[in-house]
Amino acid sequence: MHPAFSIVLAGLFSLSCIDGANAQNMRKLSIGPLKKNETLAYGLQTVSVRAGCFPPKLRGILAYIADRAGRRPLVTSGLRANSGRSQHRHCAAADIRVSGVSDKTIIAIAAQAPGIGGIGRYCNGIIHVDVGPKRHWTRC
């Protein structure tokens with residue numbers, strides 16, 4: 001491959017990474033009204049994860065998990081408008097991963113979170129938390 005062509009490709013790749021990072025950061029910042037000193041206690045897996053509508057109660061649960069686990073949860077799924085009876089349909093649920101923390105630990109922490117409703121565990125390491133009725137499940 002011609003060296004000049006390689007340099008141009010590398011530059012374009014770098015620019016696309018910066019644009020992707022900026023889009024992701026902008027998405028993270030557009031989460032709705034926060035209290036004056038409130039910071040976002042979770043991250044989003046991708047820019048397509050819809051979490052801007054999370055109610056304060058759910059954001060509080062995610063903040064509680066972050067505080068107790070010592071790491072920010074990564075939200076893998078938020079609002080899913082066509083989710084049947086799921087709390088995701090009402091933007092009242094989050095599927096999360098917490099890097100370096102076991103599923104059992106996250107479930108135990110979530111069970112103590114003020115306002116917690118449902119807690120679910122999936123075999124792929126994702127934990128579901130919501131503000132609906134209290135219930136627990138495992139789907140493997």
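Is arginine 121 buried, partly exposed or exposed? Arginine 121 is partly exposed, with a relative accessible area of 26%. On this scale, buried means under 20% relative accessible area, exposed means over 50%, and partly exposed lies in between (1.4 Å probe, protein chains only).

The model is predicted: local features need pLDDT of at least 70, side-chain atom pairs count only at pLDDT 80 or more, and totals for chains, interfaces and linings use all residues. Residues are numbered from 1 along each chain as its sequence is written, and side-chain values use heavy atoms, with hydrogens and water left out.

**Exercise 1.** Describe the surroundings of leucine 62.

*Solution.*
Step 1. Locate the residue: leucine 62 belongs to helix H2, residues 56–69. Helices (H or I, at least four residues) and strands (E, at least two) are DSSP runs, numbered from the N terminus.
Step 2. Consider accessibility: with a relative accessible area of 0%, leucine 62 is buried.
Step 3. List the contacts, that is, heavy atoms within 4.5 Å. Not counting residues up to four places away in sequence, leucine 62 touches Ala41, Tyr42, Phe54, Pro73, Val75, Ala94, Ile96 and Val129.
Step 4. Examine one partner: isoleucine 96 is 34 residues from leucine 62 in sequence, while their C-alpha atoms are 9.0 Å apart in space.

**Exercise 2.** State how many salt bridges the structure holds, and describe the one between aspartate 95 and arginine 80.

*Solution.*
Step 1. Apply the criterion: a salt bridge is a side-chain nitrogen of Lys or Arg within 4 Å of a carboxyl oxygen of Asp or Glu. The structure holds four.
Step 2. Give the separation: the closest N and O atoms of aspartate 95 and arginine 80 are 3.3 Å apart.
Step 3. Place the partners: aspartate 95 is in strand S3 (residues 93–97) and arginine 80 in the loop between strand S2 (74–77) and S3, so that the pair links distant parts of the chain, 15 residues apart.
Step 4. Compare accessibility: aspartate 95 is buried at 8%, whereas arginine 80 is partly exposed at 35%.

**Exercise 3.** Explain what the salt bridge of aspartate 103 with arginine 121 ties together.

*Solution.*
Step 1. Give the separation: the closest N and O atoms of this pair are 3.8 Å apart.
Step 2. Place the partners: because aspartate 103 lies in helix H3 (residues 103–112) and arginine 121 in strand S4 (residues 118–122), the pair ties together parts that are 18 residues apart in sequence.
Step 3. Add accessibility: aspartate 103 is partly exposed at 22%.
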